[in-house]
Number of protein chains: 2
Amino acid sequence: MYNSRKPQLEARAKVLKALAHPTRLFIVEQLEKQEICVCDLTAMIGADISTVSKHLSVLKQAGILSDDKRGNQIFYRLKVPCILNFFGCVEAVLNPEQETLQCIGSDC
Amino acid sequence: MYNSRKPQLEARAKVLKALAHPTRLFIVEQLEKQEICVCDLTAMIGADISTVSKHLSVLKQAGILSDDKRGNQIFYRLKVPCILNFFGCVEAVLNPEQETLQCIGSDC
DNA sequence: CATCTATTTGGCGATATTGCCAAATAGATG
DNA sequence: CATCTATTTGGCAATATCGCCAAATAGATG
């Protein structure tokens with residue numbers, strides 16, 4: 001029952017785990033608009049650059065981001081933009097009263 | 001920049017973290033169809049009942065499930081069904097080639 | 001009331017995550 | 001080639017997660 005679903009569920013869990021950190025959610029949110037280099041993301045986040053680099057690595061390994069070296073900077077971009085649709089539903093979890101109805105009819 | 005978004009992103013990360021485990025994804029998937037009691041879920045999963053109970057507690061505390069005592073059993077149900085729409089997009093992350101186009105046009 | 005069943009909680013060892021520092025790498029530039 | 005800049009990697013301490021066992025709780029039932 002569970003064992004037959006386990007491999008796929010483990011793969012899905014890895015993707016969700018990669019997203020399940022506030023700094024990584026911030027990165028995904030910022031990359032919605034445009035690609036950004038590590039140094040600019042680091043400035044926005046205000047953590048050590050090695051910390052940001054590791055967060056980017058987690059998202060990249062999960063298949064959520066891709067990167068692109070240009071000059072001496074590395075730019076990251078969203079590989080799968082539909083990730084952003086998650087947030088509507090996550091908000092519905094956080095505010096069940098207002099959001100549930102909206103959520104069912106829309107793309108959350 | 002990041003600090004102003006941090007509280008909301010932390011809240012969202014908690015929800016995603018609650019989902020980011022294969023056993024918990026299985027539970028959510030099963031509860032799509034109907035509510036199920038702890039003992040039946042335990043049988044389907046094949047882990048210790050205390051382990052399953054703790055997974056259920058994580059999902060409940062995140063606002064994803066609610067429970068309902070009937071007789072001497074406790075039934076759990078999905079509180080926010082749109083959670084299930086996540087998976088289309090998660091699959092798009094896992095199989096970017098085939099799924100990306102579908103995903104953009106649909107509700108993933 | 002004694003007992004049975006279903007579930008939760010406490011606790012423990014094993015493992016994973018997080019964030020910083022320091023060091024390594026990789027190109028760009030003088 | 002020496003050096004600078006941008007980024008990644010290794011390592012470490014602190015903290016969190018996971019899954020089992022044993023014990024506690026809470027109703028149901030005889």
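**Group meeting: the surfaces near DNA strands C and D**

Let me begin with composition: the surface near DNA strand C is made up of 7 nonpolar, 11 polar and 3 charged residues. Please keep in mind throughout that what we have on the screen is a predicted model.

Staying with that strand, DNA strand C is surrounded by 21 residues, and the closest of them are Ser50(A), Val38(B), Cys39(B), Ser50(B) and Ser53(B). If we ask which elements carry this surface, at least two residues each come from H4 of chain A and, on chain B, from helix H3 (38–45), H4 and strand E3 (73–78). Of these contributors, H4(B) gives the most, with 6 residues.

Now to the other strand. Around DNA strand D there are 21 residues, of which Val38(A), Cys39(A), Ser50(A), Ser53(A) and Ser50(B) come nearest. Here the elements giving two or more residues are helix H3 (38–45), helix H4 (49–61) and strand E3 (73–78) of chain A, together with helix H4 (49–61) of chain B. The largest share of this surface, 6 residues, belongs to H4(A), and by class the residues near DNA strand D divide into 7 nonpolar, 11 polar and 3 charged.

Let me turn, finally, to the interior. The largest nonpolar core contains 58 residues, and those with the most contacts inside it are Ile64(A), Cys89(A), Ile64(B) and Cys89(B). To take one of these in detail, Ile64(B), once its neighbours within four places in sequence are left aside, is in contact with Val93(A) from chain A and, within chain B, with Ala18(B), Val28(B), Leu59(B), Lys79(B), Val80(B) and Ile83(B).

Technical notes: Residues are numbered from 1 along each chain as its sequence is written. Chains are lettered from A and ligands numbered from 1 in the order in which they are written. This is a predicted model: local features need pLDDT of at least 70, side-chain atom pairs count only at pLDDT 80 or more; totals for chains, interfaces and linings use all residues. A residue is near a molecule or strand if its C-beta atom, placed from the backbone, lies within 6 Å of it. Helices (H or I, at least four residues) and strands (E, at least two) are DSSP runs, numbered from the N terminus. Ala, Val, Leu, Ile, Met, Phe, Trp, Tyr, Cys and Pro count as nonpolar, Asp, Glu, Lys and Arg as charged, and the others, Gly among them, as polar. A nonpolar core is a set of buried Ala, Val, Leu, Ile, Met, Phe, Trp, Tyr and Cys residues joined through C-beta atoms within 7 Å. A residue is buried if 20 or more other C-beta atoms lie within 10 Å of its own, exposed if 12 or fewer, and partly exposed in between; C-beta atoms are placed from the backbone. Two residues are in contact if their C-beta atoms, placed from the backbone, lie within 7 Å.
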